[in-house]
Amino acid sequence: AAPAAPAAPADGAASAPAAADSAERASSEAIASETALARDGLDEPLVEVVWAQLLACLSADYEIDKRGDVGSWVREAAMDALETVVPMLVRAQAARTASEPAVWTAAMAEALAAALVQQAHEKINRTRLCATRCLGHLLTRAQPPMPLVPHAAELVSAFGPYARSGAVAAVDATTGADADADAD
């Protein structure tokens, strides 16, 4: 037979077992949140560093040398990385409680959407296509999709059809040019 539960205190105060259950539940939720990042291979202290570097790669590197716009390679690599990192952060945020620090915020979503829209208007066709695919993917096909984006419905309408899938054409819809060809 199981031992009887202790009687509730006569003064109406919460019992010690109930407080312990509450503390244990909060601790389990915090561990689940940290585990969501760790499971995806991202250490929580590095989140801010990784995020800042990826966003900086989208906006700051416009190096040109004899090989052309080498900065575009950096921007495209950052967009590819963001397709992996953003869903990790969104999953980790979903596992957190309101009292825990956020790892995915509306400010992050807004900054990323703005940077990707900017890249979608760049000179190099390949970079434009990469940006439209990335934003469309994050908004519509990523698991889970990127939340907290201002004007998300309009962005999905504009970029959703370009989400990464087997059906995406390798032709830039605005110019009809080959997506891998660089603009002059």
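Modeller: A helix is a DSSP run of H or I with at least four residues, a strand is a run of E with at least two, and both are numbered from the N terminus. By that rule, the protein chain has 6 helices and 2 strands.

Colleague: What is the basis of the model, and how are its residues numbered?

Modeller: The model is predicted: local features need pLDDT of at least 70, side-chain atom pairs count only at pLDDT 80 or more, and totals for chains, interfaces and linings use all residues. Residues are numbered from 1 along each chain as its sequence is written, and side-chain values use heavy atoms, with hydrogens and water left out.

Colleague: In what order do the elements of the protein chain run?

Modeller: Starting at the N terminus, the order is α-α-β-β-α-α-α-α.

Colleague: What makes G71 buried or exposed?

Modeller: Buried means under 20% relative accessible area, exposed means over 50%, and partly exposed lies in between, with a 1.4 Å probe and protein chains only. G71 has 0% relative accessibility and therefore counts as buried. The residue belongs to helix 3, which covers residues 71-94. Its C-alpha atom is 8.5 Å from that of A60, 11 residues away in sequence. S59 is 12 residues from G71 in sequence, with 9.7 Å between the C-alpha atoms.

Colleague: Why is S59 given its class of accessibility?

Modeller: S59 has 44% relative accessibility, so this residue counts as partly exposed. S59 is part of helix 2.

Colleague: On which side of the cut-off does V47 fall, buried or exposed?

Modeller: V47 is at 8% relative accessibility, so V47 counts as buried. This residue lies in helix 2, residues 47-60. Between the C-alpha atoms of V47 and V103 there are 7.4 Å, although the two are 56 residues apart along the chain.

Colleague: What class does E44 receive, and where is E44 placed?

Modeller: With a relative accessible area of 29%, E44 is partly exposed. E44 sits in the loop between helix 1 (16-39) and helix 2. The C-alpha atoms of E44 and L89 are 9.7 Å apart, with the two positions 45 residues apart in sequence.

Colleague: Why is the pair of R126 and E76 called a salt bridge?

Modeller: A salt bridge requires a side-chain nitrogen of Lys or Arg within 4 Å of a carboxyl oxygen of Asp or Glu. The N to O distance for R126 and E76 is 2.9 Å, so the pair satisfies the definition. The whole structure yields 1 salt bridge. Because R126 lies in helix 5 and E76 in helix 3, the pair ties together parts that are 50 residues apart in sequence. Both residues are buried.

Colleague: How is the packing of helix 4 and helix 5 described?

Modeller: Two packed helices are described by the angle between their axes and the distance between the axes. Helix 4 (residues 106-119) and helix 5 (residues 125-141) pack at about 150 degrees, with their axes 8 Å apart. The axes are lines fitted to C-alpha atoms over the stretch in contact, and angles run from 0 to 180 degrees between N-to-C directions.

Colleague: Which residues make the contact between helix 4 and helix 5?

Modeller: Contact means heavy atoms within 4.5 Å. Helix 4 contributes L112, A113, L116, V117 and Q119, and helix 5 contributes T127, R128, A131, C134, L135 and L138. These residues divide into 8 nonpolar, 2 polar and 1 charged. Here Ala, Val, Leu, Ile, Met, Phe, Trp, Tyr, Cys and Pro count as nonpolar, Asp, Glu, Lys and Arg as charged, and the others, Gly among them, as polar.

Colleague: What makes the backbone of the loop between helix 5 and helix 6 worth a check?

Modeller: Most residues other than glycine have a negative phi, and most peptide bonds are trans. Against this, the bond joining Q143 and P144 is cis, with omega about 0 degrees, and P144 is in the loop between helix 5 and helix 6 (152-159). L148, in the loop between helix 5 and helix 6, has a positive phi of about 70 degrees although it is not a glycine. H151, also placed in the loop between helix 5 and helix 6, is not a glycine either and has a positive phi of about 60 degrees.

Colleague: Are L148 and H151 buried, partly exposed or exposed?

Modeller: L148 has a relative accessible area of 48%, so L148 is partly exposed. H151 is at 60% relative accessibility and therefore counts as exposed.

Colleague: What percentage of the protein chain counts as buried?

Modeller: Of its 184 residues, 36% count as buried.
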